[in-house]
Amino acid sequence: MSGQEKVLEKRVEKVLGVGGVDGSGDSFVESGVERVRDGIHTRSVLSAGASYSLAVVCSGAGEVRLTVSVKRSAPRTVACDGVPVRQRLVDVPAHVEVDVDGLAGASGVVGWRIDEVTG
């Protein structure tokens, strides 16, 4: 990772509250940070029927496309402006796929975090 990407990675981790910054908490399930050019392609094992919150943030330039494999979830575009987007995942299946791919000209770092929603 380049020096600039490392700076962006720390920024993304701070916004999401993950990495060395703060990955604790009872509701925290999992997270990750990748370069935009590598994308995110993860298959999370969750408790079927439960509800979760997904946060995705991209820091850099351009936009990325977020796709989540749950009912009634259409792909959405996320700007690489360092502002997290959140999506509630309700009545999930046992496995949820999260994919983020950079659109033309996108660069930087993208991160995601899944938390269980209780109560």
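Good morning. Let me begin with a term: a residue is called buried when its relative accessible area is under 20%, and exposed when that area is over 50%. The structure before you is a predicted model, and I shall apply this term to several of its residues.

I start with the cysteines. A search of the whole structure finds one disulfide. Cys58 and Cys80 form this link, with their sulfur atoms 2.1 Å apart. The angle about the S-S bond is 75°, and the link of Cys58 and Cys80 is right-handed. Cys58 belongs to strand β3 and Cys80 to strand β4; the two stand 22 residues apart, and the pair links distant parts of the chain. Are these cysteines buried or exposed? Cys58 has a relative accessible area of 0%, so Cys58 is buried. Cys80 has a relative accessibility of 6% and therefore also counts as buried, the limit being 20%.

Let me turn to the nonpolar interior. In soluble globular proteins, nonpolar side chains tend to be buried together. In this model, the largest nonpolar core has 24 residues, and those with the most contacts inside it are Leu54, Val56, Leu66, Leu89 and Val96. Which strands supply it? At least two residues of this core come from each of β3 (52-68), β4 (76-81), β5 (85-89), β6 (95-102) and β7 (107-116). The largest share, seven residues, is that of β3. Apart from this core lies another, of eight residues, including Leu8, Val12, Ala55 and Val109.

Val56 may serve as an example from the largest core. Leaving aside its neighbours within four places in sequence, Val56 is in contact with Leu66, Val83, Pro84, Val85, Val100, Val110, Gly111 and Trp112.

A second residue to examine is Val68, which also has its place in strand β3. Because its relative accessibility is 3%, Val68 counts as buried. Beyond its neighbours within four places in sequence, Val68 is in contact with Leu54, Ser73, Gln87, Leu89, Val96 and Glu97. Two members of that list, Leu89 and Val96, are also among the residues with the most contacts inside the largest core.

I come now to the pairing of strands. How do β3 and β6 run relative to each other, parallel or antiparallel? They run antiparallel, and five bridges join them. Within strand β6, Val100 is the residue that stands opposite Leu66. Strand β2 (residues 40-45) also pairs with β6 in the antiparallel sense, over six bridges. His41 stands opposite Asp99 in β6.

Two residues of β2 deserve a closer look. Thr42 lies in this strand, and its relative accessibility of 19% is under the limit of 20%, so Thr42 counts as buried. With neighbours within four places in sequence left aside, Thr42 is in contact with Val96, Glu97, Val98 and Trp112. Ser44 lies in strand β2 as well. Ser44 has a relative accessible area of 0% and is therefore buried. Again leaving aside neighbours within four places in sequence, Ser44 is in contact with Glu30, Ala94, His95, Val96, Trp112 and Ile114.

Next, the helix. Helix α1 (residues 3-16) has 14 residues and reaches 20 Å from its first C-alpha to its last, close to the 20 Å expected at 1.5 Å a residue. Which residues of α1 are buried? They are Glu5, Leu8, Glu9, Val12, Glu13 and Leu16. Why do they line one face of the helix? Seen down the axis of α1, the buried residues fall within an arc of 140°, so they line one face. The general background is that an α-helix has 3.6 residues a turn, so residues three or four places apart point the same way. The buried residues of α1 pack against β1 (28-35), β3 and β7. On the face turned away from the buried side, α1 carries the exposed residues Gly3, Gln4, Lys10 and Lys14. Just after α1, Gly17 takes a positive phi of about 70°.

I close with Thr118, in the segment after β7. Thr118 has a relative accessible area of 63% and is therefore exposed, the limit being 50%. Thr118 and Ser27 are 91 residues apart in sequence and 7.6 Å apart in space, C-alpha to C-alpha. For Val68 and Ser27, the separation is 41 residues in sequence and 20 Å in space, again C-alpha to C-alpha.

Thank you for your attention.

Methods
Residues are numbered from 1 along each chain as its sequence is written. This is a predicted model: local features need pLDDT of at least 70, side-chain atom pairs count only at pLDDT 80 or more; totals for chains, interfaces and linings use all residues. Side-chain values use heavy atoms; hydrogens and water are left out. A nonpolar core is a set of buried Ala, Val, Leu, Ile, Met, Phe, Trp, Tyr and Cys residues joined through side-chain atoms within 4.5 Å. Buried means under 20% relative accessible area, exposed over 50%, partly exposed in between (1.4 Å probe, protein chains only). Helices (H or I, at least four residues) and strands (E, at least two) are DSSP runs, numbered from the N terminus. Contact means heavy atoms within 4.5 Å. Two strands pair if DSSP finds at least two bridges between them. A disulfide is a pair of cysteine sulfur atoms within 2.5 Å. The expected span of a helix is 1.5 Å times one less than its number of residues. The arc is that of the directions from the helix axis to the C-beta atoms.
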